[in-house]
Amino acid sequence: MKTFNYHLVKDIKEAKKISSAHSTFLAGGMTTIPSMKLGLGTYKDVIDIKGIKKLSGIKSSGKILKIGSTTTHAEVAKSKEVKKSIPSLAALAEGIGDPQVRNRGTIGGSIANNDPAADYPSACIALNASINTSNNRKIDAESFFKGMFETTLKKGEIIESIDFEIPQKSNYQKLPNPASRYAVVGVYVAKYKNGTNVGVTGAKPCVYNDKNLGKALSKSFSSSAIDNVNVSASGMNSDIHASAYYRANMVKVFAKKAVETC
Ligand SMILES: Cc1cc2nc3c(=O)[nH]c(=O)nc-3n(C[C@H](O)[C@H](O)[C@H](O)COP(=O)(O)OP(=O)(O)OC[C@H]3O[C@@H](n4cnc5c(N)ncnc54)[C@H](O)[C@@H]3O)c2cc1C
């Protein structure tokens with residue numbers, strides 16, 4: 001690992017002041033530290049944002065569940081507010097990695113990284129999430145996730161919190177990688193008064209909103225409603241874990257299972 005300057009900052013202003021083309025933010029370090037060790041990421045300044053108090057915590061206001069960006073997966077998994085308002089989100093957090101990863105990894109780090117197999121991005125899509133940033137931007141999830149490991153975040157822009165719209169019903173189903181627990185395929189279904197969303201992770205290079213499944217489920221919220229919906233394997237990932245055809249089939253299987261489990 002190359003040498004670098006470590007900064008433990010107290011507020012966003014200080015973080016932004018140090019931020020440059022040669023810096024990175026450090027939340028739980030679950031991606032950043034291994035990348036640095038492997039030489040995939042080299043930085044002059046590593047800016048630890050875990051000490052910024054306003055970035056952590058969970059609040060529910062009836063319609064919206066707000067989660068601070070440095071809130072860990074373990075905190076989301078055990079939160080009474082999350083369990084009460086969006087139980088499927090607490091269950092998703094409980095299914096991430098292992099206890100070490102859940103105790104260090106953060107929701108903000110997960111969505112800023114936008115790993116194609118990460119769990120939270122599918123929840124953001126299905127739960128009409130808005131991502132609030134230090135540039136006073138409120139970015140809707142569909143425009144936030146741009147491509148593989150790519151988001152609309154600008155250099156030096158910090159995710160402050162994520163607002164989830166509380167659904168009537170929701171459920172998340174995934175096929176976990178047996179080693180890491182990342183989703184080989186993960187499907188998040190959320191039902192609202194005015195329609196149903198289906199967020200899919202693991203299947204393509206970037207999380208996506210399956211509009212065909214969502215449309216059919218918006219008409220009739222039952223697993224049989226998607227029997228005749230075609231999920232194409234075109235553009236799906238194919239690797240040692242699963243072929244594109246297998247992934248396409250699993251998207252439908254999990255969408256049905258999620259509806260039945262809601
Ligand atoms: C062994 C292992 C297993 C895992 N299994 C799963 C799994 O099953 N499912 C899953 O979804 N994930 C999984 N993960 C990922 C993990 O849960 C973390 O969410 C992810 O690695 C990001 O880590 P972090 O939050 O510590 O962020 P860091 O590593 O600290 O940061 C990651 C990136 O996000 C940026 N960043 C962090 N916070 C912010 C912020 N607030 N604003 C702007 N940019 C920010 C950093 O600059 C960096 O580029 C796994 C990771 C490991 C190591």
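Start by selecting Ile-18, which is partly exposed with a relative accessible area of 22%. Before you look around, keep in mind that this is a predicted model. Ile-18 sits in helix H1, which covers residues 12-18. Now add Asp-45 to the selection: 27 residues separate Ile-18 and Asp-45 along the chain, and their C-alpha atoms are separated by 7.6 Å. Asp-45 is also one of the residues that Ile-18 touches; leaving out residues up to four places away in sequence, the others are His-7, Val-9, Ser-23 and Ile-47.

**Step back: the whole chain**

Zoom out and show the chain as a cartoon. You will be looking at 11 helices and 14 strands. The chain is as compact as a globular protein of its length, because its radius of gyration is 18 Å, close to the 18 Å that the globule rule gives for 262 residues. If you draw a box around the C-alpha atoms along the principal axes, its sides come to roughly 55 × 45 × 30 Å.

Next, switch on the surface. The chain exposes about 12,800 Å², and carbon and sulfur atoms supply 52% of that area. How much of the chain is buried? Buried residues make up 53% of the 262 residues. Contacts tell you about the fold too: among those with a separation of 6 or more, 59% are between residues 24 or more positions apart. To finish the overview, colour by charge. There are 37 positive and 21 negative charges, and their mean positions are 2 Å apart.

**Stop: Ser-35**

Select Ser-35 in helix H2, residues 32-37. Is Ser-35 buried or exposed? Ser-35 is buried, since its relative accessible area is 19% and the cut-off for buried is under 20%. Show its side chain and follow it to the backbone oxygen of Thr-31, which it reaches at 2.6 Å. Beyond residues up to four places away in sequence, Ser-35 touches Leu-40 and Gly-41.

**Stop: Ser-110**

Move along to helix H7, residues 107-113, where you will find Ser-110. Ser-110 is buried, with a relative accessible area of 14%. Which residues does Ser-110 touch, not counting residues up to four places away in sequence? Light up His-73, Asp-115, Ala-118, Tyr-120 and Pro-121 to see them. For a distance to try in your viewer, join the C-alpha atoms of Ser-110 and Tyr-120: they are 6.9 Å apart in space and 10 residues apart in sequence.

**Stop: two residues with positive phi**

Most residues other than glycine have a negative phi. The next two selections have positive values.

Begin with Asn-136, whose phi is near 60°. Asn-136 lies in the loop between strand E6 (130-133) and strand E7 (138-140). With a relative accessible area of 77%, Asn-136 is exposed.

Then go to Phe-149, which has a positive phi of about 55° although it is not a glycine. The loop that holds Phe-149 runs between strand E8 (145-147) and strand E9 (150-151). Phe-149 counts as partly exposed, at 45% relative accessibility.

**Stop: Asn-177**

Select Asn-177 in the loop between strand E11 (169-176) and strand E12 (183-192). Asn-177 is buried, with a relative accessible area of 12%. What do the polar atoms of its side chain meet? A polar atom of the Asn-177 side chain lies 2.7 Å from the backbone nitrogen of Ala-179. A polar contact of 3.4 Å also joins the side chains of Asn-177 and His-241. His-241 is among the residues that Asn-177 touches, along with Tyr-182 and Val-184, when residues up to four places away in sequence are not counted.

**Last stop: Ser-243**

Finish with Ser-243, in the loop between helix H10 (211-219) and helix H11 (244-261). Ser-243 is partly exposed, with a relative accessible area of 33%. Its side chain reaches the backbone nitrogen of Tyr-246 at 3.1 Å. Apart from residues up to four places away in sequence, Ser-243 touches Asn-237 and Ser-238. For a closing view across the model, select Ile-64 together with Ser-243: they are 179 residues apart along the chain, and their C-alpha atoms are separated by 37 Å.

Note on methods. Residues are numbered from 1 along each chain as its sequence is written. This is a predicted model: local features need pLDDT of at least 70, side-chain atom pairs count only at pLDDT 80 or more; totals for chains, interfaces and linings use all residues. Side-chain values use heavy atoms; hydrogens and water are left out. Helices (H or I, at least four residues) and strands (E, at least two) are DSSP runs, numbered from the N terminus. The radius of gyration is taken over C-alpha atoms; the globule rule is 2.2 Å times the number of residues to the power 0.38. Buried means under 20% relative accessible area, exposed over 50%, partly exposed in between (1.4 Å probe, protein chains only). Contact means heavy atoms within 4.5 Å. Accessible areas come from the Shrake-Rupley method with a 1.4 Å probe; for residues, only the protein chains shown count as cover. Lys and Arg count as positive and Asp and Glu as negative; His and the chain ends are not counted. The place of a charge is taken as NZ of Lys, CZ of Arg, CG of Asp or CD of Glu. A polar contact is a pair of N or O atoms within 3.5 Å; within protein, one must be able to donate a hydrogen and the other to accept it, and residues adjacent in sequence count only if both atoms are side-chain atoms.
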